[in-house]
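Subject: A structure for you to look at

Hello,

Here is the structure I promised to pass on to you. Please open it and have a look around before you read my notes.

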Amino acid sequence: MKVGELVEIAGRRYEVVPDREGGVTIEPSITPARDLHAQRGTKPASVEDFERLSADVPYDDEG
């Protein structure tokens with residue numbers, strides 16, 4: 001297996017990634033947002049919509 005390769009095990013997709021010991025391991029693959037939008041027929045929120053929808057969300061002033 002090579003880093004970046006996708007493998008399927010029991011119907012689930014995994015990505016081959018480096019491990020801390022210099023070898024490789026597998027992790028659930030990450031689906032890019034653009035692919036999710038394409039599958040669902042949606043699109044990302046505009047900056048204006050995001051600001052409008054998140055205006056009342058509390059935050060802790062960190063970061």
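Below is what I found, going from the whole chain down to single residues.

Please keep in mind that this is a predicted model. The confidence score, pLDDT, averages 88 over the protein chain, and 97% of the residues reach at least 70. Among the elements, β3 has the highest mean pLDDT, at 94, while helix α1, residues 33-40, has the lowest, at 89.

**The whole chain**

You should be able to pick out three strands and two helices in the protein chain. Starting at the N terminus, their order is β-β-β-α-α. Is the chain a compact globule, or more spread out than one? Its radius of gyration is 18 Å, and the globule rule gives 11 Å for 63 residues; the value for this chain is well over that, so the chain is more spread out than a compact globule. Along the principal axes, the C-alpha trace spans about 45 × 35 × 20 Å.

Some other totals help to fill in this picture. Of the 63 residues in the protein chain, 8% are buried. If you take the contacts between residues at least 6 apart in sequence, 2% of them join residues at least 24 apart. The accessible surface of the chain adds up to about 5,900 Å², and carbon and sulfur atoms account for 51% of it.

**The strands and the loop after β1**

How does A10 stand out in its backbone? Its phi is positive, near 55°, although the residue is not a glycine. For comparison, most residues other than glycine have a negative phi. You will find A10 in the loop that links β1 (6-9) and β2 (12-18). Its relative accessibility is 78%, which is over the 50% cut-off, so A10 counts as exposed.

Strand β3 covers residues 24-28 and includes V24. With a relative accessibility of 36%, V24 falls between the 20% and 50% cut-offs, so it counts as partly exposed. V24 also belongs to a nonpolar patch on the surface, together with M1, V3, I9 and I26. Together, these residues have about 440 Å² of accessible area.

P28 is in strand β3 as well. P28 is exposed, because its relative accessible area is 55%. Which residues does P28 touch, leaving aside those up to four places away in sequence? They are R13, Y14 and E15. You could also locate P28 relative to G11: the two are 17 residues apart in sequence, and their C-alpha atoms are 12 Å apart in space.

**The helical part**

How many of the eight residues of α1 are buried? The number is zero, so α1 lies largely in the open. After this helix comes G41, which has a positive phi, near 70°.

Further on, P44 sits in the loop between α1 and α2 (47-54). P44 counts as exposed because its relative accessibility is 57%. To see where P44 lies relative to E8, compare two distances: the residues are 36 apart in sequence and 29 Å apart in space, C-alpha to C-alpha.

If you want a place to begin, try A10 in its loop between β1 and β2, and then look for the surface patch that includes V24. I hope you enjoy exploring the model!

Best wishes

Methods. Residues are numbered from 1 along each chain as its sequence is written. This is a predicted model: local features need pLDDT of at least 70, side-chain atom pairs count only at pLDDT 80 or more; totals for chains, interfaces and linings use all residues. Side-chain values use heavy atoms; hydrogens and water are left out. Patches are made of residues with over 30% relative accessible area and no salt bridge: like charges are joined within 9 Å, nonpolar side chains (Val, Leu, Ile, Met, Phe, Trp, Tyr) within 5 Å. Accessible areas come from the Shrake-Rupley method with a 1.4 Å probe; for residues, only the protein chains shown count as cover. A salt bridge is a side-chain nitrogen of Lys or Arg within 4 Å of a carboxyl oxygen of Asp or Glu. Helices (H or I, at least four residues) and strands (E, at least two) are DSSP runs, numbered from the N terminus. Buried means under 20% relative accessible area, exposed over 50%, partly exposed in between (1.4 Å probe, protein chains only). pLDDT is the predictor's confidence in each residue, from 0 to 100. The radius of gyration is taken over C-alpha atoms; the globule rule is 2.2 Å times the number of residues to the power 0.38. Contact means heavy atoms within 4.5 Å.
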